[in-house]
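Dear colleague,

I am handing over the structure we spoke about, and it is placed just below this paragraph. After it come my notes on what was found, which I would ask you to read with the coordinates open.

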Amino acid sequence: MAFAGRRDAPEPPDFGILKRLARDQLVYLLEQLPGKKDLFIEADLMSPLDRIANVSILKQHDVDKLYKVETRPAPGASDQFCFLVRPRVRTMRFIADVTCDEWSFYLLPLDEDIISMELPEFFRDYFLEGDHRWINPVARALQLLNSLYGPFGKAYGIGRCAKMSHELWRDLEEESEGEGQGRKPEIGHVFLMDRDVDYVTALCSQVVYEGLVDDTFRIKCGSVDFGPDVTSSDRSIKVLLNAQDKVFSQIRNEHFSSVFGFLSQKSRNLQAQYDRRRGMDIKQMKDFVSQELKGLKQEHRLLSLHIGACESIMKKKTKQDFQETIKAEHSLLEGFDIRESTSFIEEHIDRQVSPIESLRLMCLLSITENGLIPKDYRSLKTQYLQSYGPEHLLTFHNLKRIGLLTEQAAGETLTAVESKVSKLVTDRAAGKITDAFNSLARKSNFRAISKKLGLIPRVEGEYDLKMPRDMAYVFGGAYVPLSCKIIEQVLERRGWQGLEEVVRLLNGNEFSVSDSTVEDNPAWESQRVILTVFLGGCTFSEIAALRFLGKERGCKFIFLTTAITNSARMMEAMIEARA
Amino acid sequence: MDCYTANWYPLGEEAFYRKLELYSMEWGLREDLRDCVVAAAPYGGPIALLRNSRRDKAPSSRPLLEIYSASGLLLASVPWKSGRLVQLGWTAGEDLLCIQEDGTVLVYNLFCEFKRHFSMGNEVLQNHVLEAQVFHTEFGTGVAILTGAFRFSLATNIDDLKLRRLPEVPGLQQPPGCWAVLSQDRVTVVLLAVGPELFLLDNTSCSSVTPPGLSPSAGPFLHMAVSFNHRLLALFCDSGYIWMGLATLKEKFCEFNSTVRSPPKQMVWCTRPRSRQRAVVVAWERQLMVVGNSSECIRFVLDEDSHLVPELDGVRILSRTSHEFLHEIPEASQEIFRIASMAPGALLLEAQKEYEKESQKADEYLREIREQQLLPEAVGQCIEAAGYEHEPHTQKSLLRAASFGKCFLDKFPPESFVRMCQDLRVLNAIRDYQIGIPLTFTQYKQLTIEVLLDRLVLRRLYPLAIRICEFLRLPEIQGVSRILAHWACSKVQQKDKSDEEVAQAINQKLGDTPGISYSEIATRAYDCGRAELAIKLLEYEPRSGEQVPLLLKMKRSKLALGKAIESGDTDLVYTVVLHLKNELNRGTFFMTLQNQPVALSLYRQFCRHQERDTLKDLYNQDDNHQELGNFHVHSSYSEKRIEGRVGALQNALDEFNKARNDFAAKATEEQIKLLRLQRHLQEDFDKPYLDLSLHDTVSTLILDGHYKRAEQLYREFKIPDKRYWWLKISALATRGDWEEMEKFSKSKKSPIGYLPFVEVAVKHHNRYEARKYAPRVPPEQRVKAFVLVGDLEQAAEAAMEHKSEAEMNLVLSRCSPGTDGALAEKLTRARAQLLKK
């Protein structure tokens, strides 16, 4: 795909059909059990289910009562139980003697351009435990999207999981003897990326509005609970955050510094529209009330909610801490004053600011510096254990395994474990063998990659965050997200040519496959619609950056992610909680 | 053609029957058929013979079981070594059932290869089989037995064997005169005759029944016949009287008096689907009688001993030298061929013949049909009639007539003509002497092409089957692929070829034809005891997942594991792993997993939730001391008591030492030390300290005013100065012990500077205290400190001293226009001056 000329980005395909498919299949499954039944739902499926089928649909199909899986059924309830669970060992322990049907619900459209698989555990399961169980659902998700919106003409990707998912998907397609041939596609390209290709971006503090809201309030399944401090009342309000929200859709991708200005401008406009009432006669007033008032009120309500959210964020973030953290982060990204940043982190730990934040900064230091020098590695960890508790010994072990917090290797010599692993990698399954150990030897090479790709923009004067020049705006102009840069480069070059050095530094596993059977018509809009697949989660900052890129280059990015993530979620996934 | 109707025999006003020769049999039978047990499968199926079984009981001569095609070609033979045979019969799938006297039923395929056996139950075993019948219903093929105790046992489907013993017939002291199996409303019942009485035996009861309109002088029943579709019943009585009616005994069609008083050898129905004519064929030693709704009957003399085979649309008659088919002439054929027929089809046939002779009569005939506007009917009749003809010559002339007639029609849909041509080609091909399946068109349509292909495959006539598929353009998956797969399945049974040869031959022919499952073929190879071949064949299976079940069955579990992993289906991997777990001893199981990281990590996940102790064993096996250490650390947290926790951590410490993880070892050691200390603290202060980090422990001590103990921990655990100072001043500030804080600030030079003192004090809203420390803050942070304590004057002074624009801005931003106007002005001026330079 070439980014030729500036064109308007195409409209995204309609993903509502995914919801309808999931709903129909659920209804079908429920109808397999005629008569009254109680539905037991696993806790983390509650929100997704709510987005697919509301209570009245469930009631229509004889669902009597709803329970969480962990709770015991009330005595005298229906004599049929229906369980809706993920295939996990721990939940299956609650359930005995059942017949199983698969609800092949892989994809939840969160917004017009975001589809989530709602698999937050993917990150830990795959990247830490080397568990391949979710690769199959990913391949099936691709198959479904390909059948509905494809055929995808071109697939790019990087990362071992990306490669495996892509191969499995191709196998599935082959087995099912594609019927989709000759159809005009709605999505032309697909790009798969493993989260471990770019940890740095995910570890940064988010400063675009949507990212900040996620970091501060945690967006769950596309909606957020604004607490009393935001609503300035005594209750929480659940707000759906998507393109339907007229206010939110205008600020979600903006750098936080410009959001306040926008909101106050907006409220002035709104006020002006209200004020028009003054000079109206009766008829005009009638029209105003019947036509505009409702919309204005709705907008007003949303506006005050977002202003409340902004204030709450400001309160939390404008403390010195936040400014200094951002400063330290930028130093880490740019690679200067490492000693100072290290002391900053140390102080952060010593003062018990926040276990997650401390851990995040340590990881960011490690990953940007290719590991900590041995002295710091020991001392920071010791400090951390003293501050936040000894159980984090296990957390550190996890972080080391996944490659997020490592010690700078003295030389290039293979460790005993590595040579053992490489010995095992001999048979046909070699390509698919997990390498949880590999990360031990894996270097992030961030500094070198950053230089190669120019991730740190050279700015003369202030970076105008209101009129961004590049994707760096999502991090205050300090850093172009690596993941998005790779996607931009590969799409621009229609492959990995010229990126050989970067690929080497990223530990390879890149691919670029054209499906020769798919007609490649450059006039089709689908050529400018790209499905980006993040295996292990993607952040709202990355989404904002690619939305920006899409607008610049006249193309549309669709996001398929195993889950929406951010630094805190990633750290939490690594933390070994007390049993 | 003039003598076409020479072999037509009328029965009553409307019906004609004809007997035509299918094959002249060259099976070289030396015995008479009456000396053999004979069974011929319906739908032109094979014929099974067991020679000299009954009479010659000399043990020296083993009887021979032979199977012939319908044309008399020997398919296979085998000496009969089992027990005394009572009855032979064929299943719907063309397997031969051999019912022995002891109630054992042996199942052979049509190449005399033994497949399996089953028993009809203990009662049959004890009392022996007196008589047996094989019957077909919608449930499949069934077997009914009359035992020596005059009780009936039956199974309606031998593939899903459920034995039923029917209730006793009251007062039955001798074998019934005759009996038959009826299928009514999906229930299988037995109808039996005891002298002049009829009884119906169902699952639970025995009831006496009487056929309506039975002649009072009929006498005892000697024979009964049930039609192919179980709807019609015929009864033959002692007096030669024949009753014909519904099998439900609710209606009589007709009766006939044969005047023959000897019991017939065989009696079978001869009808056609959808025909109004119903007739019964009765065979004695030397004569054959076709009787129906007419006072007359058709008689044939039998030169030889014959055997009747009922078919869907007629009766086959087997003898030593010939194989004939007796059937009612279908309407279309009657219309066309009846002497002096003026039916449109007949005229069309004539017209075409005249046309060939280049006679103008052709036009006359044609005009006659067209005038009546019956040409479409004429064409249709000719096409239909072609289907009923056995002779290709006649078929051709009828089809030629149809084709000729079609020329004069604008919009005659071609499908029926084309399909009939295709069907006849297929039928003629399989009726060939070498193939020997004499299917009629009606039977063929009932059987369907799929079943016909199956039957060709059963006879191993693969090339013919494939040619038919190609000729009929059947989709590959239903047609050619399926046949190739069957071929491959039979190929693997060829014991004379090496595994390598067979595998290659199969792959060469099959390639990657869609719909071929190599794993199915491999399964067959394995079932034939060719494990090596099975593995070679599995190599060709592109879908790794498909290979797994067979590999497991073959106990190649490790290979199965590899394939499951390759398939990317983790459920499959779990299946194999759990299989391995049961199959192998623990050590080998673990070793196997060690070589398969994907499976290992899945199993670990399983253990983590399900069997934590197994997890430990896994790590032990691998001498993975690091993970063992982690394991113990993890379990320490589930210990409620300090002693237990220390114990677990001690284990962890040992493992970390073995793993040479100094850091973890040291950290664990420290934690043990801390735990012991916390125990003392709990005892001393009666307050929970367990689960607190070192930081929190010290912090709590300070908050509670135990400064000495805190100091002690600080030294004992070598807490870095910076941390200790941070910790102490924030705890003191929280506690509000400003005096102690001041004392502490003076104890030595602060390693964290004095800004934190200011910050902490301000945080606790004590500006007064904060001000004390502001002057001690080093110059570069002083502005910030003064701003914090709210001393803007001093802040401004320091900022101006530093000539720092940023600092001036900071102070300015805090100036409120009302109270600090002067100061702000001063600052603004200073800033302007600074910028000028």
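**Aromatic pairs**

Ring pairs link B:Tyr714, B:Tyr724, B:Trp725, B:Phe744, B:Tyr754, B:Phe757 and B:Tyr773 into a cluster. Please keep in mind throughout that this is a predicted model. Over all chains, the count comes to 37 aromatic pairs.

One of these pairs is in chain A, where the ring centres of A:Phe191 and A:Trp496 lie 6.2 Å apart and the planes make an angle of 55 degrees, so the pair is classed as tilted. This pair links distant parts of the chain, since A:Phe191 belongs to strand β7 (residues 189–194) of chain A whereas A:Trp496 sits in the loop between α22 and α23 (500–505), 305 residues apart. A:Phe191 is buried, at a relative accessible area of 1%, and A:Trp496 is buried too, at 9%.

A second pair belongs to the cluster named above: the rings of B:Phe757 and B:Tyr773 have centres 5.0 Å apart and planes at 35 degrees, and the pair is therefore tilted. Here B:Phe757 comes from helix α28 (residues 755–763) of chain B and B:Tyr773 from helix α29 (residues 767–773) of chain B, 16 residues apart, and this pair is likewise one that links distant parts of the chain. Both B:Phe757 and B:Tyr773 are buried.

**Salt bridges within the chains**

The structure holds 61 salt bridges over all chains. In chain A, the side chains of A:Arg553 and A:Glu488 form one of them, with an N to O distance of 3.5 Å. The pair links distant parts of the chain, with A:Arg553 in helix α24 (residues 540–553) of chain A and A:Glu488 in helix α22 (residues 482–493) of chain A, 65 residues apart. The two partners fall into separate accessibility classes, in that A:Arg553 counts as partly exposed at 23% relative accessibility, while A:Glu488 is buried with a relative accessible area of 8%.

In chain B, B:Arg34 and B:Glu285 meet through their side chains in a salt bridge of 3.5 Å, N to O. B:Arg34 lies in the loop between β2 (15–24) and β3 (37–40) of chain B and B:Glu285 in the loop between β24 (278–283) and β25 (287–292) of chain B, so the salt bridge ties together parts that are 251 residues apart in sequence. B:Arg34 is partly exposed, at 37% relative accessibility, and B:Glu285 is partly exposed, also at 37%.

What separates B:Glu742 and B:Lys746 along their helix? These two residues form a salt bridge of 3.1 Å, N to O, and they are about one helical turn apart because they stand four residues from each other in helix α27 (residues 738–747) of chain B. B:Glu742 is partly exposed, with a relative accessible area of 22%, whereas B:Lys746 counts as exposed at 56% relative accessibility. Elsewhere, salt bridges that share partners join A:Asp111, A:Asp113, A:Glu210, A:Arg252 and A:Arg547 into one network.

**Where the chains meet**

The contact between the chains takes 50 residues from chain B and 46 residues from chain A. Between them, chain B and chain A bury about 4,300 Å², of which 54% is on carbon and sulfur atoms. On the side of chain B, the residues that lose the most area to chain A are B:Tyr637, B:Phe663 and B:Arg723, which together make up 16% of what that side buries.

Two salt bridges are counted between chain B and chain A. One of them joins A:Arg401 to B:Glu627, whose closest N and O atoms are 2.9 Å apart. The count of residue pairs in polar contact between the two chains is 16, both residues of a pair being at pLDDT 80 or more.

The elements of chain B that give two or more residues to the side touching chain A are α16 (557–567), α19 (597–610), α21 (625–636), α22 (642–658), α23 (662–685), α24 (694–703) and α26 (721–735). Of these, α19(B) gives the most, with nine residues. By residue type, the side of chain B that touches chain A divides into 16 nonpolar, 17 polar and 17 charged residues.

With best regards

Notes
Residues numbered from 1 in each chain as written. Chains lettered and ligands numbered in written order. Predicted model: local features only at pLDDT ≥ 70, side-chain atom pairs only at ≥ 80, totals over all residues. Heavy atoms only, no water. Contact = heavy atoms within 4.5 Å. Buried area = accessible area lost by both parts, 1.4 Å probe. Salt bridge = Lys/Arg side-chain N within 4 Å of Asp/Glu carboxyl O. Polar contact = N/O pair within 3.5 Å; in protein donor to acceptor, adjacent residues only side chain to side chain. Nonpolar A, V, L, I, M, F, W, Y, C, P; charged D, E, K, R; others polar. Buried < 20%, exposed > 50% of the residue type's maximum accessible area, 1.4 Å probe, protein only. Phe/Tyr/Trp six-rings, centres within 6.5 Å; stacked < 30°, edge-to-face > 60°.
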